[in-house]
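Please open the model in a viewer and keep a selection panel at hand. The tour proceeds by selection, from the whole chain to individual side chains.

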Amino acid sequence: MWRRIFATGLVAGAVCGGAVCIVQHFTTTPLLLRAEQFEHAAAGTAAETVTAAGALSAAALRRTMSTAVTTVLLAMGFALILSGVFALHPKLPAVDAAAGVLWGAAGFTVFMLAPALGMPPAVPGAAVAELGARQWWWLATVAATAAGLWLLVFGGLKTVRVAAVALLALPHVAGAPAPAVVAPSELPAQLAAQFAAATLAVGALFWALLGAVTAALYRRWVVAR
């Protein structure tokens with residue numbers, strides 16, 4: 001059984017990660033490259049900017065490949081988590097593609113939407129807080145959101161649900177870390193907004209697809225056996 005669960009996660013992650021890589025190539029990656037051009041333009045002279053633009057163009061293939069590998073590996077990891085959750089959930093026959101989309105929506109909320117409310121996805125050159133502080137806040141937000149959603153959906157008592165709502169709100173009441181100094185930037189605000197919106201849209205697609213495919217394969221390979 002556990003081999004089939006493991007295979008479900010790997011195959012679903014590979015399929016969904018590969019599909020999302022194609023979407024990223026035409027949506028978020030061009031925005032990242034444009035932001036890096038602004039970053040290099042602000043840091044150097046005109047000649048250095050031309051050289052940097054050539055270097056960015058030469059590195060496009062490497063960027064695409066590394067992004068693809070990272071996305072597929074992340075998709076496999078998240079699909080394995082979903083498969084494990086399905087295995088531990090008491091209502092295994094109810095796991096299907098439609099239910100998988102709901103689980104995917106929960107994953108999107110936990111890992112992307114809730115953290116983005118305090119720290120929207122940022123392009124290179126944007127003002128951000130210190131890396132360690134951002135990482136700790138992200139981890140705390142993910143943990144609190146995951147626990148809050150679980151208690152809200154599966155907690156039967158009213159007091160438990162009140163605690164769930166408190167957990168969901170806690171990271172945002174505490175507040176995300178802010179940049180110590182906000183320096184002037186040549187980065188267009190529209191580009192930063194486009195990147196944040198595109199990242200969340202691609203993330204929503206990623207999680208919906210991952211949940212549906214993982215649940216469908218789990219039902220076919222694990223539940224039906």
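Begin with helix 2, residues 28-43, and select Phe 38 within it. The model is a predicted one, and the stops below should be read accordingly. Is Phe 38 buried, partly exposed or exposed? Phe 38 has a relative accessibility of 31%, and therefore counts as partly exposed, since that class begins where the buried class, under 20%, ends and stops where the exposed class, over 50%, begins.

Next, display the contacts of Phe 38. With neighbours within four places in sequence set aside, Phe 38 is in contact with Glu 186, Leu 187, Pro 188 and Leu 191. Among these partners, Pro 188 deserves a selection of its own: Pro 188 sits in the loop that lies between helix 7 and helix 8 (189-223). The chain separates Pro 188 from Phe 38 by 150 residues, while their C-alpha atoms are 8.7 Å apart. Pro 188 has a relative accessible area of 28% and is partly exposed. A further residue to mark from Phe 38 is Pro 124, which is 86 residues away in sequence and 8.8 Å away in space, C-alpha to C-alpha.

**The whole chain**

Now zoom out and colour by secondary structure. How many helices and strands does the protein chain have? The protein chain holds eight helices and zero strands. Read from the N terminus, its elements follow the order α-α-α-α-α-α-α-α. Colouring by accessibility next, one finds that 31% of the 225 residues in the protein chain are buried. The accessible surface of the protein chain amounts to about 12,500 Å², and carbon and sulfur atoms contribute 72% of that surface. Among contacts in the protein chain with a separation of 6 or more, 83% join residues 24 or more positions apart.

**Helix 1**

Select residues 2-26, which form helix 1. Helix 1 comprises 25 residues, and the distance from its first C-alpha to its last is 37 Å, close to the 36 Å expected at 1.5 Å a residue. Which residues of helix 1 are buried? They are Ile 5, Thr 8, Gly 9, Ala 12, Gly 13, Cys 16, Gly 17, Val 20, Cys 21 and Gln 24. When viewing such a pattern, recall that an α-helix has 3.6 residues a turn, so residues three or four places apart point the same way.

Leu 10 also belongs to helix 1, and its relative accessible area of 30% makes it partly exposed. Outside the range of four places in sequence, Leu 10 touches Met 76 and Leu 80. Val 72 may be added to the view: Leu 10 and Val 72 are 62 residues apart in sequence, with 9.4 Å between their C-alpha atoms.

**Helix 6 and the nonpolar patch**

Move to the surface and select Trp 150, Leu 152, Val 153, Phe 154 and Val 165, which together make a nonpolar surface patch of about 470 Å². Helix 6 (residues 131-154) supplies four residues, the largest share of the nonpolar patch. One of the patch residues, Trp 150, is located in helix 6. Trp 150 is partly exposed, at a relative accessible area of 44%.

Then select Leu 151, also in helix 6. Leu 151 counts as partly exposed at 30% relative accessibility. Beyond residues up to four places away in sequence, Leu 151 touches Val 160, Arg 161, Ala 164 and Leu 167. Arg 161 is 10 residues from Leu 151 along the sequence and 6.2 Å from it in space, C-alpha to C-alpha.

**Helix 7**

The last selection is helix 7, residues 158-174. How does its span compare with expectation? The 17 residues of helix 7 should span 24 Å at 1.5 Å a residue, and the end C-alpha atoms are 24 Å apart, in agreement. Look within helix 7 at Leu 168, where a kink of about 30° lies shortly before the proline Pro 171. Finish at Gly 175, just after helix 7, which takes a positive phi of about 95°.

Methods. Residues are numbered from 1 along each chain as its sequence is written. This is a predicted model: local features need pLDDT of at least 70, side-chain atom pairs count only at pLDDT 80 or more; totals for chains, interfaces and linings use all residues. Side-chain values use heavy atoms; hydrogens and water are left out. Patches are made of residues with over 30% relative accessible area and no salt bridge: like charges are joined within 9 Å, nonpolar side chains (Val, Leu, Ile, Met, Phe, Trp, Tyr) within 5 Å. Accessible areas come from the Shrake-Rupley method with a 1.4 Å probe; for residues, only the protein chains shown count as cover. A salt bridge is a side-chain nitrogen of Lys or Arg within 4 Å of a carboxyl oxygen of Asp or Glu. Helices (H or I, at least four residues) and strands (E, at least two) are DSSP runs, numbered from the N terminus. Buried means under 20% relative accessible area, exposed over 50%, partly exposed in between (1.4 Å probe, protein chains only). Contact means heavy atoms within 4.5 Å. The expected span of a helix is 1.5 Å times one less than its number of residues. The bend at a residue is the angle between axes fitted to the seven residues ending there and the seven starting there.
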